[in-house]
Amino acid sequence: MTRAFMAAADYMAERSEIGLTKSGAWNRRFIEWAVAQIAFPGWTEEKLYSVNKVLNEYDVAPLEYLHALMDGLKWGRKHKATYRLSKTGKSLAMSADKAFMEVVPAFLFRFDHADGMRSEAPMGSWDLFLNILNHEIGDGITAPNYARILYGEVAPGWGGPASGLSLAVLRPLCWVGLLRYEGGFGLDERVYHKTPLWDAALVLDPISSGDNVIPFRS
């Protein structure tokens, strides 16, 4: 998401603006340029053009989310039939590190990632989700295994808790670069791993040691 923001900022720096459609979405010229520039995991040119002849904003979910994020935080603004960076947006675009520190928490914690999902929203908080992942991910974890650790035995399939965790927790973490995945598209096939950014960007609770247990007096 940080790379997508920086790419959008570069585009507006060079061209002054992004054109808007009548509905207010970013236009195809920018979307197709951005897809080629960013090579967003899971949303590459090859994959997108295999199912679309042209690309609109709603065809590329990460860019649709980025547009909403920039609107909500006033990093960009509509000006007639165009979209331009705000003063705050221009300031963020001066440094990828500064942008990362703003984009990641805003995208993870201020979006309702469960909104519109057909599966049930995951129960818990980001504090719980992140610390359990940090302790349990090991050499990789699937969404069903993650759901069982959090909730015990759960209903399988895309209608159960594993689906909610996949869409509302694991996917956003991949989009901001803290997790990566390998494998297919099935819930049991896709295995998630930490990226180097995980330990560099997050400060989480340490695993408790048995040495810290205070015994009863005998």
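Me: Is the crossing in which α1 passes α2 left-handed or right-handed?
Reply: In this predicted model, the crossing of α1 past α2 is right-handed.

Me: At what angle do helix α1 and helix α2 pack, and how far apart are their axes?
Reply: The angle between α1 (residues 2–15) and α2 (residues 28–38) is about 130°, and the axes are 10 Å apart.

Me: What makes α1 oblique to α2?
Reply: Roughly perpendicular ends at 115 degrees, and roughly antiparallel begins over 145. The angle here is about 130°, so it falls in neither class, and α1 is oblique to α2.

Me: Which residues of α1 and α2 make the contact?
Reply: From α1 come R3, A4, A7, A8, Y11 and R15, while α2 supplies R29, F30, W33 and I38.

Me: How do the residues of the contact of α1 with α2 divide into nonpolar, polar and charged?
Reply: There are 7 nonpolar and 3 charged residues, with no polar ones. Arg counts as charged, so R3, R15 and R29 fall in the charged class.

Me: Which residues in α2 are buried, and what do they pack against?
Reply: F30, I31, W33, A34, V35 and I38 are buried in α2. The partners of α2's buried residues are α1, β1 (18–19), α3 (45–49) and α4 (61–72).

Me: What is the phi of A39, just after α2?
Reply: A39 takes a positive phi of about 50°, although A39 is not a glycine. A39 is in the loop between α2 and α3.

Me: Why does A39 count as partly exposed?
Reply: Buried requires under 20% and exposed over 50%. The relative accessibility of A39 is 44%, so A39 counts as partly exposed.

Me: What is the phi of K80, and where does K80 lie?
Reply: K80 also has a positive phi, of about 60°, without being a glycine. Its loop runs between β2 (76–79) and β3 (82–85).

Me: Why does K80 count as exposed?
Reply: K80 has a relative accessibility of 70%. The cut-off is over 50%, therefore K80 counts as exposed.

Me: How do you know that H67 is buried?
Reply: The relative accessible area of H67 is 6%. That is under 20%, so H67 is buried. H67 is in helix α4; leaving aside neighbours within four places in sequence, H67 is in contact with L20, G24, A25, W26, E57 and Y83.

Me: What makes α8 roughly perpendicular to α9?
Reply: Helices α8 (residues 143–151) and α9 (residues 161–175) pack at about 105°, with axes 8 Å apart. The range for roughly perpendicular is 65 to 115 degrees, so α8 is roughly perpendicular to α9.

Me: Which residues of α8 and α9 make the contact, and what are their classes?
Reply: The α8 side consists of A143, P144, Y146, A147, L150 and Y151, and the α9 side of P161, A162, L165, S166, V169 and L170. By class, 11 are nonpolar, 1 is polar and none is charged. Ser is not listed as nonpolar or charged, so S166 is the polar residue.

Me: Why is T142 called buried?
Reply: T142 has a relative accessible area of 10%. The limit for buried is under 20%, so T142 is buried. T142 lies in the loop between α7 (126–136) and α8. Apart from neighbours within four places in sequence, T142 has contacts with L187, D188, R190 and V191.

Me: Why is V191 called partly exposed?
Reply: V191 has a relative accessible area of 23%. This is not under 20% and not over 50%, so V191 is partly exposed. V191 is in strand β5 (residues 191–194).

Me: How far apart are V191 and I141 in sequence and in space?
Reply: V191 and I141 are 50 residues apart in sequence, but 5.3 Å apart in space, C-alpha to C-alpha. With neighbours within four places left aside, V191 is in contact with G140, I141, T142, R180, Y181 and E182.

Me: How many helices and strands has the protein chain, and what percentage of its residues is buried?
Reply: The protein chain has 10 helices and 5 strands, and 43% of its 218 residues are buried. Of its contacts with a separation of 6 or more, 59% come from residues 24 or more positions apart. The chain exposes about 12600 Å², with 52% of that supplied by carbon and sulfur atoms.

How values were computed: Residues numbered from 1 in each chain as written. Predicted model: local features only at pLDDT ≥ 70, side-chain atom pairs only at ≥ 80, totals over all residues. Heavy atoms only, no water. Axes fitted to C-alpha atoms, helices over the stretch in contact; angles between N-to-C directions. Helix = DSSP H or I, 4+ residues; strand = E, 2+ residues; numbered from the N terminus. Parallel < 35°, antiparallel > 145°, perpendicular 65-115°, else oblique. Left-handed = near helix turned anticlockwise from the far one by under 90°. Contact = heavy atoms within 4.5 Å. Buried < 20%, exposed > 50% of the residue type's maximum accessible area, 1.4 Å probe, protein only. Areas by Shrake-Rupley, 256 points an atom, 1.4 Å probe, with all protein chains shown as cover.
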